Each structure stands twice: as C-alpha cells, then as structure tokens.
Amino acid sequence: MQDHGGADGAIREITEGHTRLLVPSGALDGEAPPRDTAFFNPRSVANRDVSTVAYAAHLDGFDGPPTMLEPLAGVGARGLRAANETSAIRHIHINDVNPKAVSLARGAALLNRLDAEASFSNLEACRFLSNYATRGRRGAIVDIDPFGSPAPFFDCAVRSLMHGGLLSCTATDLQVLNGLFDEACQNRYGGMPTRGTTYGNETAIRIVLGCLRAVAARLGVSISPIFVSSDMHYYRMYARIKVGHAGAAHEEVGYATHCDACGGRWLGPRAEQECSTCGSETRRAGPLWRGPLFDGEFVNRMVQKAPHVGHARDGALHAHLERAREESAVQGTGLFYTLDEMASRTGVSPPRMAHVLESLREAGYPASRTSLAPTGFRTDAPSDAARDAFRQAAVR
Ligand SMILES: C[S@@+](CC[C@H](N)C(=O)[O-])C[C@H]1O[C@@H](n2cnc3c(N)ncnc32)[C@H](O)[C@@H]1O
Ligand SMILES: [Zn+2]
C-alpha cells in the first residue's frame with residue numbers, strides 16, 4: 001500500500017484482485033465509507049470479485065464490441081478490475097457525478113496501463129448513459145451501483161445496452177425491499193414485499209427484477225436474469241437484455257404467496273388468498289419476477305472463469321458459485337426454506353443438509369442448496385411434504 005496526494009496521505013494506493021486502485025485513506029480507516037471525498041468500500045471486495053467473474057463469463061464468445069459503461073463508478077474499482085482482470089473488455093467508460101472520484105479513477109487507470117482502454121466523464125448517470133443510447137454506441141455491459149435503489153436508472157441503462165448485453169445492478173435499500181416501508185416499495189418498484197420471512201432476500205431480488213422487467217417491456221426489450229446474489233448490505237442482479245423481444249407477462253410476472261400457519265411458500269401467476277396446503281389465509285409479495293434467477297450454462301462459465309480472475313477469497317467465491325450452479329437446476333415454483341426454521345416447526349434438531357436433500361429427492365421433489373442463504377434449501381415441495389422429508393432426514 002502506498003500513499004499518494006500529499007503529506008497527509010489523503011489518498012492511498014491499494015491492490016484489489018490484480019488491480020491497483022487509488023482510494024481515499026478515510027475509506028480504509030473509517031467506519032463508514034466516505035462520500036465527501038470519493039466513495040470506496042473495501043468491504044465490497046467479494047461483490048466486485050463476483051462481478052469481475054460474471055463479466056468475464058458474459059464476454060466469452062460475446063457477439064459485439066466488448067465495451068463497458070459504468071455510470072456510478074466511484075473510484076472506478078469495478079470497471080478497472082473488469083478491464084484489467086478479464087482481458088476481454090476493449091473499452092471502459094467510467095463516469096461519476098463526483099469529480100474527485102473520477103480523478104482517482106483516471107490516476108488508477110494510468111497505474112494499470114489502462115489509459116488507452118478507458119475514458120472518463122463527470123456527468124449525472126442518465127445524462128452519461130444517454131450518450132450511448134444510439135446504434136453503434138451501446139454497451140455490452142452496464143453496471144448500476146448507486147446508493148440505495150437502482151430503479152431510477154433502469155430506463156436509461158436499458159436504452160444504452162446493445163442486444164444481448166448484460167445489465168448488472170446493486171440495491172442497498174434493504175429496509176424498503178424487506179417490508180419496513182410498504183408504500184415506498186410500491187412506489188419505487190411497483191411491487192409489495194412481505195415482512196419477516198426467512199427468504200425475504202429472494203422476494204426482494206424478485207421485486208427489483210419485476211421492476212426492471214416492466215421498464216424493459218415498455219421499451220420492447222426482454223430481460224433474462226442469469227445470476228443473483230445477496231449479502232448483509234446489498235442485493236446484486238445480473239440480467240441479459242434482448243432488444244425487440246418483450247417477454248410474456250403471464251409467464252414472467254406473478255406473486256410469492258406465504259402461509260404463516262404451515263410455513264408454505266410458492267411462486268405463481270396469481271396472489272392466492274388461501275393456502276393450497278392448509279387452507280389458512282396467506283400473505284402475498286408482488287407483483288414480482290417469477291421466472292428463473294440463474295442460467296445454469298452461464299454459472300458454469302463463471303465457475304470456469306473464476307480461477308483466471310484475480311480475486312481475494314478463492315475458497316469462498318468457489319463455494320458460492322458451486323451452490324449457484326446446483327440451484328440453477330432447481331428453479332420451479334419453490335422458494336427456499338432454512339434448516340433452522342424447519343427445525344423449529346418440526347421440533348426436530350437440524351439434520352445434515354445432504355440428508356434433507358436426499359429425503360426430498362426420494363419423495364420425488366427437486367431439491368438443492370441455495371446460494372442465497374447458508375442453511376437454505378430450495379425445493380418445489382409443499383410445506384407438509386418438506387416437513388416430512390425433514391423428519392425423515394433426521395432419522396437417517
Ligand atoms: C456506491 S458508489 C459506487 C461504488 C463503485 N461502483 C464501486 O464498486 O466501488 C455510488 C457512486 O455513485 C455516485 N453517484 C450518485 N448519484 C449519482 C448520479 N445521479 N449520477 C452519477 N453518479 C452518481 C456517487 O458519487 C458514488 O461515487
Ligand atoms: Zn398453509
């Protein structure tokens with residue numbers, strides 16, 4: 001680590017993955033990442049690792065100019081890592097409304113000898129993206145990484161992506177998406193969340209994707225989510241864009257229905273008032289995206305790319321991708337359960353995950369771990385069958 005920018009060492013050079021970055025020293029020393037100088041969060045390294053791998057997977061065999069647009073770049077960590085560590089990106093356009101952040105990104109591009117591949121601007125994000133919303137200038141990747149909700153940027157992001165391009169985005173307004181402020185969620189995303197479920201991160205991600213789908217459909221564009229992830233502080237979504245192919249609403253949009261009485265949960269086209277297992281009154285989240293969250297072939301490519309991309313936590317990244325690969329094969333109407341909630345519902349100590357999955361499969365239901373929760377398992381089984389399989393697993 002090196003000091004730059006004067007005797008007070010206000011700017012430091014660090015290496016993340018294989019890439020040299022210039023960051024405000026307060027970002028490394030302070031409790032919260034600084035917004036006044038330039039924003040950088042060192043704790044988002046795992047998030048940027050996954051992005052770098054996803055971009056490498058996306059550009060492998062991509063049919064079109066491999067350019068990336070980063071409208072909310074901060075000090076450029078995500079885009080510079082992508083350009084430096086994937087070798088597939090031909091040009092990266094880095095933008096932030098904060099001129100200090102852009103100047104640090106420009107300095108870091110020089111340190112990494114990326115100045116020929118990078119260009120810089122200091123505009124409001126949608127003004128920046130509108131420069132690329134014409135034929136021949138659209139990006140292969142657009143990343144939306146704001147403070148809070150990505151929804152205000154969806155329209156201009158979709159317009160600036162080429163056919164087959166990848167939109168990645170972050171949501172950090174977790175309280176809104178998890179049911180603390182229902183009206184704000186409805187206004188921002190056009191969908192209602194449910195509060196206090198163990199799989200709230202999945203419904204939140206689906207609500208964000210439902211909003212993205214609605215914006216894209218209005219422009220005659222379809223979305224195909226290919227990878228999602230969730231952390232304590234953020235949700236990340238990756239979706240492929242197809243221009244001129246609006247998706248079929250009745251297949252893609254729906255509701256998550258939850259029954260507090262029996263623990264049942266499922267995705268469907270309608271908000272169902274009554275639990276199909278026990279007949280109790282339900283709670284509903286949506287409208288939301290009810291289609292797949294992972295593309296198995298894409299996740300396979302991420303698994304192959306991961307060892308070739310510089311990242312800080314190989315073991316954790318590999319384990320995460322393996323789980324996502326497993327669950328990409330089990331994407332029906334099910335939402336995930338957790339071992340702990342099943343243990344408390346059945347009064348049985350949590351058995352080994354492998355035994356639970358075996359019991360579910362023997363009972364005829366697809367089942368896998370989920371990358372969205374450490375003790376989560378995804379299955380289409382109704383709640384009574386899931387409980388039976390859980391009890392069965394406990395006596396194996
Ligand atoms: C969460 S930070 C980005 C972090 C960065 N992508 C990374 O991975 O390190 C959000 C950034 O968006 C910038 N920003 C906020 N609103 C903006 C807007 N409307 N247009 C352009 N930049 C904006 C902020 O200055 C800040 O640098
Ligand atoms: Zn029920």
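The questions and answers below concern a predicted model.

Reader: In what order do the three strands of the open sheet lie?
Author: The pairing in this sheet is antiparallel. The edge strands, each pairing on one side only, are β12 (265-268) and β13 (283-289). The order is therefore β12-β11-β13.

Reader: Which residue of β13 is the bridge partner of Ala256?
Author: Strand β11 covers residues 253-258. With β13, β11 pairs in the antiparallel sense over five bridges. In β13, the partner of Ala256 is Ala285.

Reader: Which helix packs on the sheet?
Author: The sheet has a twist that averages 20° from one strand to the next. The helix packed on it touches β11, β12 and β13, and its direction makes about 45° with that of β13. This is helix α9, residues 200-218.

Reader: How many charged residues are in the contact of α8 with α9?
Author: The axes of α8 (residues 182-189) and α9 come within 9 Å and cross at roughly 35°. From α8 the contact takes Cys185, Arg188 and Tyr189, and from α9 it takes Ile207, Val208 and Cys211. By class, five are nonpolar and none is polar, and the number of charged residues is one.

Reader: Why is helix α3 largely enclosed by the rest of the structure?
Author: Helix α3 spans residues 77-86. Its buried residues include Arg78, Arg81 and Glu85, along with Leu80. The helix is largely enclosed because, of its 10 residues, the number buried is nine.

Reader: Which residue just after α3 takes a positive phi?
Author: Thr86 belongs to α3 and is buried. Just after this helix, phi is positive, at about 60°, in Ser87.

Conventions. Residues are numbered from 1 along each chain as its sequence is written. Chains are lettered from A and ligands numbered from 1 in the order in which they are written. This is a predicted model: local features need pLDDT of at least 70, side-chain atom pairs count only at pLDDT 80 or more; totals for chains, interfaces and linings use all residues. Side-chain values use heavy atoms; hydrogens and water are left out. Two strands pair if DSSP finds at least two bridges between them. Helices (H or I, at least four residues) and strands (E, at least two) are DSSP runs, numbered from the N terminus. Axes are lines fitted to C-alpha atoms, for helices over the stretch in contact, and angles run from 0 to 180 degrees between N-to-C directions. Contact means heavy atoms within 4.5 Å. Ala, Val, Leu, Ile, Met, Phe, Trp, Tyr, Cys and Pro count as nonpolar, Asp, Glu, Lys and Arg as charged, and the others, Gly among them, as polar. Buried means under 20% relative accessible area, exposed over 50%, partly exposed in between (1.4 Å probe, protein chains only).
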